[in-house]
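This briefing covers the ligand site, the pockets and cavities, and a few points of backbone geometry. Keep the model open while reading.

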Amino acid sequence: MPAYKETKMKYGYFDDNAKEYVITSPKTPLPWINYLGTDGFFSLVSNTCGGYSFYKDAKLLRLTRYRYNNVPADNNGKYYYINDGKDIWNPGWQPSKTPLDLYECRHGIGYSRFTGKKNGLKAEVLAFVPVGDNCEINKVTLTNESEEIKAFKLFSYVEWCLWNADDDMKNFQRLLSCGEVEIKGSAIYHKTEYRERRAHYAFFSVNEKIDGFDTIRDDFLGAYNNNDRPDAVVNGKAGNTVASGWSPIASHQINISLKPGESKTLIFVLGYIENPENEKWESYGVINKKPAEAMQARYTTEADTEKAFAALKNYWDELLAKYHVESKDEKVNRMVNIWNQYQCMVTFNMSRSASYYESGIGRGMGFRDSCQDLLGFVHLIPDRARERIIDIASTQFEDGRAYHQYQPLTKKGNSDIGSGFNDDPLWLIAGTSAYVRETGDTSILMEKVPFDNDESKATPLMDHLKRSFDFTATHKGPHGLPLIGRADWNDCLNLNCFSEHPGESFQTFGPGEGPVAESVFIGGMFVKYGKEYADLCELIGDKAEAARALEEVEKMNKTVLSEGWDGEWFVRAYDAYSHKVGSKECEEGQIYIEPQGFCVMAGIGLAEGKAVKALDSVKERLDTEYGVMILQPAYTKYHLELGEVSSYPPGYKENAGIFCHNNPWVSIAETVVGRGDRAFEIYKKTCPAYVEDISEIHRTEPYVYSQMVAGRDAKFHGEAKNSWLTGTAAWTFVNISQYILGICPTHKGLSVDPCVPADFGDFTVVRKFRGATYNISVENKGVQKGVKELVVDGRKIEGTVIPFEEGKSEYNVKVIMG
Ligand code: BGC
């Protein structure tokens, strides 16, 4: 085993007051990244200044170039090189990797700060995307901390992506002839393809007179050079090169001299501009730069930049104040109040499109993924959640089925990553129900929404939900359980695929549908979201439909209890031969996590004692110190009839990995049966703040969730992969905020019904809900669940729901558990 597995080590610390994670060594086990941007313009930025920017769609409108799978890793980004006569260095360490006298990266909420010191010079970079503007600001401050005058040369560097990131990596015969730039003053404009079919360009500017520039990459770097020691930087002289084709870049040279103690601040702006078709040109062949110049003018002074930065901070402070807990557990406070909510915003924005593990060209917005991301986001900006629900529902088919993804720019569904995932339709009910519970806005249910983006087929959203519900109700297999189709939540359980040849995609190959293979998991979903659908029907006064839905739900409940019960736990599925999957009868893969969590969350088997039994089986068979595994025993051979799930080496991904997404389902299920100790134990195992101490083993960022942690059967048990873009963020926020701390939106108002460890102690929550502030204090003298007394503004209330009163702005709530 490599030595690094043996030590337990941190690479930084949480600064909760500043809401930052402070990284003190550039050599983190993997790049530890952050996201800049809230809506429209986005950048990914690593702890060594790597990353890239895009506008709305990481595939179609990529501004700067990044090389995935590169060696050495993560060495393209937005860089500032300093040549001080002695050394060539970068404040974020990469790409020169010159050892620094001090290195620090502070990833904050929507911004990152880098500080590098070398030879008595301090260089600070503050990177952020201002709220409501399509640009990234880099405020670069240089301070002479030595006793002598310091004269040095600063070079900026970004490499343009020729817009379509997919083409940019493949279509060299065309694109190497297309690159075009313009230079005006201190701004470098990237205008590839602007002449013909684009009305957008990008620029990189600085608020200072420059001493030179470069736009031809290979001249700047030097032939056969990496970007660690570009020729121009080493020679201290930019070539003033003007690109024509090949790989255009933007680099400024600024010569600076500072007296002892003196500082200088430069403001760089990377901007994206769209011009109206009839205002594209200033003169023949010269782009209309007016909107770009206006953007540059907005950030000319330090004061402008400070103001924009303060606005960003304020924006986030207001959002994060929507749910604020104070408990004696600082890690819970830190995750709930800062990082978990932050990650929920990022997953809402990105779905599964752009991270350091999702290349931005592979997946757009996932139907199922985005519906789930909504669950952790809806309290932050309900209006954006509303818009998203309409966008998603607009891609649904008339028979209730769904495209599995759509592109954020066009908002049109496509089948590139497969179709026929039979859980998809029900997630629309989940997302809509969460939105209506949060906001009380039932008007969304009446909103006319197209099918397959065809406006002529628009019907009220409520009708879309009915079709989601009916799709499952009318697509059942031999046992009366829902047909699985291509797969359900577990993309890799491909029971109708039968792929035998390498290169065939499990998601698109072979028959995606079959009349036999069934999913117990979808059965659990149907019971849970069927009830929520019935609640929505009640809410709009359709009692008959509510009753019909509940009848179907009860039928499914019974079927899951009889056909989906294995004796000690819930069966996972039936395959295309009607053999059980996830049963003691199986040779491998005898128990799966998903139906245990979801069926219990849906309330199935509570009365019969099956719910508790299923959860006990999870603890006995799937638990590890790093989280709960997805299945056991791992598949050691490929099962043609099961598909991709058995294609991974044991312990990784869906084959017995700790798939973090469904750990909160089991934790929530534990709260449903009232076991707060166990619910919290599960919560802690995958929670970033608790695993920070084992960063060396865990390897991904200690401030956000990863999709997967290697399971017990894997060589590197405990090692995480695929950080940031995972439904884990939303589900763990739902778990901790609504079930463990127990503050849950219902149609009638907020419900308070915590389920915590017996020794969790008292805690308070401030929750903003439907325009009002709820100051909730919970007293707990050693119980795990149960509300003995609920007092709202001095009045005792029966039950756990605080009735919502229109127009009331503040509620003071006291809860005594017992
Ligand atoms: C996908 C999810 C899926 C999960 C489990 C993720 O990569 O984005 O949609 O539910 O894998 O297979």
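In this predicted model, an oxygen atom of the ligand lies 2.9 Å from an N or O atom in the side chain of Arg-363. The protein covers 95% of the 310 Å² of accessible area that the ligand has on its own. The space that the ligand takes is the second largest pocket.

**Ligand contacts**

- Arg-368 also reaches the ligand: an N or O atom of its side chain is 2.8 Å from a ligand oxygen atom.
- Glu-654 places a polar side-chain atom 2.5 Å from an oxygen atom of the ligand.
- The residues around the ligand include the arginines Arg-352, Arg-363 and Arg-368.
- Asp-369, Asp-491 and Glu-654 are also part of this shell.
- Trp-489, Asn-490, Phe-659 and Gln-707 surround the ligand as well.
- By class, the shell has six charged, two polar and two nonpolar residues.

**The pocket that holds the ligand**

- The second largest pocket, where the ligand sits, has a volume of about 640 Å³.
- Its lining has 31 residues.
- Nearest the centre of this pocket are Glu-358, Arg-363, Asp-491, Lys-653 and Gln-707.
- Arg-363, Asp-491 and Gln-707 are thus named twice: they lie nearest the pocket centre and they are among the residues around the ligand.
- Helix H8 gives the largest share of the lining, three residues.
- Strand E25 (413-419) and strand E37 (720-723) each supply at least two lining residues.
- The lining divides into 13 polar, 10 charged and eight nonpolar residues.

**The largest pocket**

- The largest pocket has a volume of about 1000 Å³.
- It is lined by 42 residues, and the closest to its centre are Arg-437, Tyr-739, Cys-744, Pro-745 and Thr-746.
- Helices that give two or more residues to this lining include H8 (367-377), H10 (424-439), H13 (520-539) and H15 (593-601).
- Helix H17 (663-672), helix H21 (728-740) and strand E38 (743-746) also give two or more.
- Helix H8 therefore serves two linings, as an element that gives two or more residues to a pocket is listed here: that of the largest pocket and that of the second largest pocket, under the DSSP assignment.
- By class, the lining of the largest pocket has 20 nonpolar, 12 polar and 10 charged residues.

**Cavities**

- The model has six cavities of 30 Å³ or more.
- About 90 Å³ of space lies in the largest cavity.
- The largest cavity has 13 lining residues, with Val-45, Cys-49, Lys-78, Glu-136 and Asn-138 nearest its centre.
- Four strands give two or more residues each to that lining: E4 (41-46), E5 (51-55), E11 (121-128) and E12 (135-144).
- The lining of the largest cavity holds seven nonpolar, four polar and two charged residues.
- The second largest cavity has a volume of about 60 Å³.
- Residues that line the second largest cavity include Arg-62, Arg-65, Tyr-66 and Tyr-68.
- Cys-161, Ala-165, Asp-168, Met-169, Ser-359 and Ile-361 also line the second largest cavity.
- Helix H1 (residues 165-170) gives the most to this lining, with three residues.
- The lining of the second largest cavity has six nonpolar, three charged and one polar residue.

**Backbone geometry**

- Where are the cis peptide bonds before Pro-95 and Pro-633 placed in the fold?
- Pro-95 follows Gln-94 through a cis bond with omega near 0°, and it lies in the loop between strand E8 (88-89) and strand E9 (102-107).
- Pro-633 follows Gln-632 through a cis bond with omega near -20°, and it is found in the loop between strand E34 (631-632) and strand E35 (658-659).
- Asn-453 is not a glycine, yet its phi is positive, at about 60°.
- Asn-453 has its place in the loop between strand E26 (448-451) and strand E27 (454-460).

Terms used: Residues are numbered from 1 along each chain as its sequence is written. This is a predicted model: local features need pLDDT of at least 70, side-chain atom pairs count only at pLDDT 80 or more; totals for chains, interfaces and linings use all residues. Side-chain values use heavy atoms; hydrogens and water are left out. On a 1 Å grid over the protein atoms alone, a cavity is a set of points where a 1.4 Å probe fits but cannot get out, and a pocket is an open set with protein on both sides within 12 Å along at least five of seven lines; lining residues have an atom within 4 Å of a point. Grid points are joined across faces, edges and corners, and a volume is the space filled by probe spheres set on the points. Ala, Val, Leu, Ile, Met, Phe, Trp, Tyr, Cys and Pro count as nonpolar, Asp, Glu, Lys and Arg as charged, and the others, Gly among them, as polar. A residue is near a molecule or strand if one of its heavy atoms lies within 4 Å of it. A polar contact is a pair of N or O atoms within 3.5 Å; within protein, one must be able to donate a hydrogen and the other to accept it, and residues adjacent in sequence count only if both atoms are side-chain atoms. Accessible areas come from the Shrake-Rupley method with a 1.4 Å probe; for residues, only the protein chains shown count as cover. A molecule sits in a cavity or pocket if more than half of its atoms lie within 2 Å of its grid points.
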